[in-house]
Amino acid sequence: MSVEVYRDEWGIPHLRADSARELAHAQGRNAAADRGWQIEVERHRSQGTSAAFLGRGVAGWDRFARQARIDDTARRCYRALDEETRGWLDAYVAGVDAGLRELGGAAPEFARAGLEPGRWRPWTPLGIWLSTHILFTGFPGKLWRDEVVRRIGPGAVGLFATDGPGTSGSNGWLVTGDRTATGGPLIAGDPHRYIEDPGVYQQIRLACPEYDVVGLAVPGVPGIGHFGHTGTVAWAITNAMADYQDLYRERLRRLPDGGVEALGPDGWRPAFRSVETFEVAGAPPQEVEVVETERGTVVIGGPDEGEGIALRQPPRVREDLGFAALPALLRARTVADVDRAFDRWAEPVNVVQAADTEGGLLHRVAGAVPERDPENLLRVVPAHEPRHAWRGLRELPREPVGTVAVMANQRGLAAPLGIEFAPPHRADRIRELLDAQDVWTAPGMAAVHTDTRLASARPLLDLVARLDGLDPHAEALTKRLLAWDRHMDADSAGAAAYARVRAAVVRKLAAHPAFAPLTGTGEAYPEVFRPWLALAPRIAYALETLLTTDQFPDVDRETVVREAVGEAAAATATGVTWGDRHRLATWRALPDGDEAAPGLPGDHDCVLSTSSVPGVTDLSARGPAARYVWDVADRANSLWVVPLGASGIPGSPHRRDQLPLWLRGGLVPVITDWNRLTKETPMRESAVYERTVEGFGTVRVAPVDPAADLDVIHGWVREERARFWGMEGASREQVRETYEHVDSLTTHHAHLVRLDGEPVALFQTYEPEADRVSECYEVEDGDIGVHFLIAPATGGAVRGFTGALMTVLVAYALEGHGKRRIVVEPDARNTKAVALLERAGFALGPEIVLPEIDLPEVFLPEKRARIAFLER
């Protein structure tokens with residue numbers, strides 16, 4: 001198999017192979033290399049096994065994943081794939097497994113969590129895709145609407161119909177060649193998701209004789225589904241905000257033998273039932289009863305309560321996640337190809353924009369939306385009523401493209417398919433900005449991406465303008481608010497003042513007697529659904545409507561705003577800006593709190609949509625998970641950026657190198673010239689661990705190449721200072737044979753250590769149970785043995801050199817291998833080495849005698865050593 005891996009200056013992988021399947025294998029292997037920890041977390045989430053190492057905080061998700069039968073649905077969808085797509089997917093999974101085995105869990109999070117990389121199933125990528133998107137449309141919003149109808153009345157449902165908590169959206173726009181400097185279309189936008197560390201999108205290039213595509217991949221999933229450019233055609237998506245999942249209220253009863261029946265349109269019918277147990281780190285295992293009726297999987301309640309709520313979703317009903325679209329998109333050359341590929345799309349339902357070099361344009365909805373009763377879209381419906389059954393799939397809308405097409409989750413192209421859409425502010429502002437300029441370039445689109453105008457501030461500011469009789473502090477605050485330019489810029493004190501008043505209004509409305517019936521709506525529901533059922537976020541996102549509606553005559557909105565202004569004026573701190581309050585809060589599976597949270601511009605209804613939850617927190621967990629500009633006429637003019645960087649490995653120079661650009665709205669060039677890229681050496685020769693230490697340099701630990709590194713190693717071991725290494729009289733041939741033998745072993749490994757590119761040490765790791773040291777002490781699980789030789793005269797005049805280097809090597813041995821304890825056994829006569837170990841925190845053990853080994857492959861004389869240990 002011929003595979004080449006290249007990197008640009010931002011560490012973005014460019015993969016080239018001789019066939020599509022070899023390329024899929026290479027993409028999987030790269031995902032393991034760059035995002036190993038991330039994709040393993042996602043694998044466990046899809047299986048409902050993440051609490052086993054992440055703890056009770058994620059147990060609610062594991063319970064839901066099992067009740068929703070995510071892994072089983074993925075398995076069914078995999079079995080239903082066509083042979084070509086299944087083989088392509090198999091190659092990707094094999095690449096992931098190969099990469100995880102070779103790297104051995106190099107990301108330090110594996111060691112922190114006490115987790116070893118596991119084996120992937122052929123359907124694992126489908127499970128990851130489904131678990132990532134199962135809450136994408138926010139079907140729990142139906143639970144909220146159900147509660148609103150029950151507690152307040154059906155007339156109040158529309159007040160809260162807005163892009164709310166937990167919903168992912170995006171901006172997307174297409175400008176035709178009539179309005180661009182190149183004469184070809186530009187497609188630009190940004191998906192809004194939770195900002196994860198590492199990021200949910202990976203910049204990547206995939207090239208083989210069949211195609212050459214750049215785009216944003218989802219780590220753990222092959223191909224490029226959402227945003228891509230093949231050189232002749234480009235596409236992008238936004239969330240259509242369509243409703244395609246239903247909730248059914250089931251009547252359930254338990255049978256004497258433990259089985260379960262559910263009442264459907266045809267009477268009581270048997271339901272599937274099983275009991276599963278999952279592990280929870282630091283807590284007892286949990287048991288979950290899994291029930292599935294003819295409508296769907298029961299995700300709330302159960303037979304012991306006499307009723308439950310079942311989730312019905314197209315992938316489980318149709319056994320299709322739309323994965324056949326992925327290889328078809330990679331092979332696309334025209335808009336017609338993209339259109340045909342998206343005919344196979346299923347999950348999630350998206351609005352697609354595409355353009356090609358032949359003048360083709362596309363603006364359509366893609367996905368699987370069932371045809372059913374309109375009430376199904378609104379709330380939880382009775383399972384036993386026949387009218388709520390599905391009746392095939394809906395025909396999805398499309399429309400012609402003028403000179404500009406804009407989609408930002410507003411009630412537009414997909415309006416017949418859903419209930420809750422985003423307010424029109426982002427879409428209107430994007431169109432306004434695009435219409436304000438006659439000719440556009442790819443770099444010019446950055447000004448659209450980063451616009452911070454907040455149109456939704458108008459109703460609150462209109463009420464502020466009507467206030468009179470205020471005290472001097474409140475009067476001064478209202479003047480600041482009315483003079484504010486309504487841009488949520490990070491350095492704006494006016495934006496910060498507005499946010500304080502808005503938060504106070506939200507809190508006061510949430511505490512108002514008119515909304516008291518909605519207090520505590522989430523308490524009776526599983527934890528995973530509670531973000532959709534919390535009152536304060538619902539009021540925050542519907543604030544614009546609630547400040548203008550006449551539905552609640554008992555709510556004196558002017559009094560609420562007056563009190564909020566007074567409260568904010570009393571708490572106002574001089575010089576506080578929006579960026580001081582509005583900071584990035586990235587999601588990590590293992591939070592460590594070691595990164596500063598940068599201040600952000602933007603807000604929920606700005607084009608620069610960095611969402612907070614007014615009245616709850618000004619921190620932003622959701623925002624642009626990537627930005628892109630596809631220049632259809634010339635792909636080399638395209639641009640992109642992600643919030644953090646290309647690598648998911650702590651210590652990599654590309655872990656967070658795009659963050660400064662992302663914060664200020666900058667974009668990275670898409671490199672298409674292979675000659676401008678750096679070819680990466682094969683996996684066995686490449687760095688397996690890299691860490692930059694401030695004031696010291698970048699340390700890279702890479703496998704020894706017995707031939708290429710022979711001169712360096714032979715020169716070192718012959719030095720008098722290296723006499724305790726035991727090879728002072730060895731010839732070049734003997735040194736080469738020794739390291740060729742080590743290279744052939746799976747239990748012993750030799751590495752060359754470089755500091756800023758210069759070789760500085762030889763570092764060897766081994767499994768103690770497979771070494772003669774095991775005869776001299778009781779090996780424990782999690783032990784790793786090491787030998788190290790610092791190059792003679794290296795760093796001798798640099799104060800702290802050895803200690804700094806050892807810190808990195810210790811981290812590599814423990815974190816890079818997921819081990820608990822280091823075992824060393826230097827020659828007992830090497831008092832300098834023993835003293836160094838003691839200073840580094842090793843606990844010295846007794847002297848031991850390592851027995852002689854005389855084999856055809858290797859001879860090791862008897863050795864008196866001093867054993868020592870260092871625990872993580």
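**Note on loops, salt bridges and helix packing**

1. P198 is found in the loop between β4 and β5. The model is a predicted one. The peptide bond that leads from D197 into P198 is cis, and its omega is near 5°.

2. What does the side chain of D197 meet in a salt bridge? The partner is R656, and the N to O distance is 3.5 Å. D197 sits in the loop between β4 (186-194) and β5 (202-208), and R656 in the loop between β22 (639-641) and α22 (659-664), so this pair ties together parts that are 459 residues apart in sequence. Are the two partners buried or exposed? D197 has a relative accessible area of 7%, so it is buried. R656 has a relative accessible area of 18% and is buried as well; the cut-off for buried is under 20%. D197 therefore deserves a look on two counts: it takes part in the salt bridge with R656, and the cis peptide bond runs from D197 to P198.

3. A second cis peptide bond should be noted: it joins E347 and P348, with omega about -5°. P348 lies in the loop between α11 (335-342) and β15 (350-356).

4. How many salt bridges does the structure hold? The count is 68. As background, side chains of opposite charge can pair when their charged atoms come close. The pair of D197 and R656 is one such salt bridge; two others are described in the next points.

5. R119 and D97 meet through their side chains in a salt bridge, at 3.4 Å from N to O. R119 is in the loop between α6 (108-113) and α7 (124-133), while D97 is in helix α5 (residues 83-103), so the pair ties together parts 22 residues apart in sequence. Which partner is buried and which is exposed? R119 has 57% relative accessibility and therefore counts as exposed, because the cut-off for exposed is over 50%. D97, with a relative accessible area of 6%, is buried.

6. The side chains of R754 and D709 also meet in a salt bridge, with 3.8 Å from N to O. This pair links distant parts of the chain: R754 belongs to strand β27 (residues 748-755), D709 to the loop between β26 (697-703) and α23 (710-717), and they are 45 residues apart. R754 counts as partly exposed at 26% relative accessibility, whereas D709 counts as buried at 9%. Elsewhere, R69, D72, R76, E292 and R316 are joined into one network by salt bridges that share partners.

7. Next come pairs of helices. Two packed helices are described by the angle between their axes and the distance between the axes. For α23 and helix α24 (residues 732-744), the axes come within 10 Å and cross at roughly 110°. That angle makes α23 roughly perpendicular to α24, because 65 to 115 degrees counts as roughly perpendicular. The crossing of α23 and α24 is right-handed. Which residues make the contact? From α23 they are L710, D711, I713, H714 and V717, and from α24 they are R732, V735, R736 and Y739. By class, the residues of the contact of α23 with α24 are five nonpolar, one polar and three charged.

8. A second pair is helix α17 (residues 493-510) with helix α20 (residues 557-571), which pack at an angle of about 130° with axes 8 Å apart. This makes α17 oblique to α20. The crossing of α17 and α20 is right-handed. On the α17 side the contact is made by R500, V501, A504, V505, R507, K508 and L509, and on the α20 side by V560, V561, E563, A564, V565, E567 and A568. The contact of α17 with α20 divides into nine nonpolar, no polar and five charged residues.

9. Two backbone angles remain. M241 is a residue other than glycine with a positive phi, near 60°. M241 is found in the loop between β8 (233-239) and β9 (246-254), and it counts as buried at 8% relative accessibility. E319, another residue other than glycine, has a positive phi near 55°. E319 lies in the loop between α9 (314-318) and α10 (325-330). At 34% relative accessibility, E319 counts as partly exposed.

Terms used: Residues are numbered from 1 along each chain as its sequence is written. This is a predicted model: local features need pLDDT of at least 70, side-chain atom pairs count only at pLDDT 80 or more; totals for chains, interfaces and linings use all residues. Side-chain values use heavy atoms; hydrogens and water are left out. A salt bridge is a side-chain nitrogen of Lys or Arg within 4 Å of a carboxyl oxygen of Asp or Glu. Helices (H or I, at least four residues) and strands (E, at least two) are DSSP runs, numbered from the N terminus. Buried means under 20% relative accessible area, exposed over 50%, partly exposed in between (1.4 Å probe, protein chains only). Axes are lines fitted to C-alpha atoms, for helices over the stretch in contact, and angles run from 0 to 180 degrees between N-to-C directions. Angles under 35 degrees count as roughly parallel, over 145 as roughly antiparallel, 65 to 115 as roughly perpendicular and the rest as oblique. A crossing is left-handed if the near helix is turned anticlockwise from the far one by less than a right angle, and right-handed if clockwise. Contact means heavy atoms within 4.5 Å. Ala, Val, Leu, Ile, Met, Phe, Trp, Tyr, Cys and Pro count as nonpolar, Asp, Glu, Lys and Arg as charged, and the others, Gly among them, as polar.
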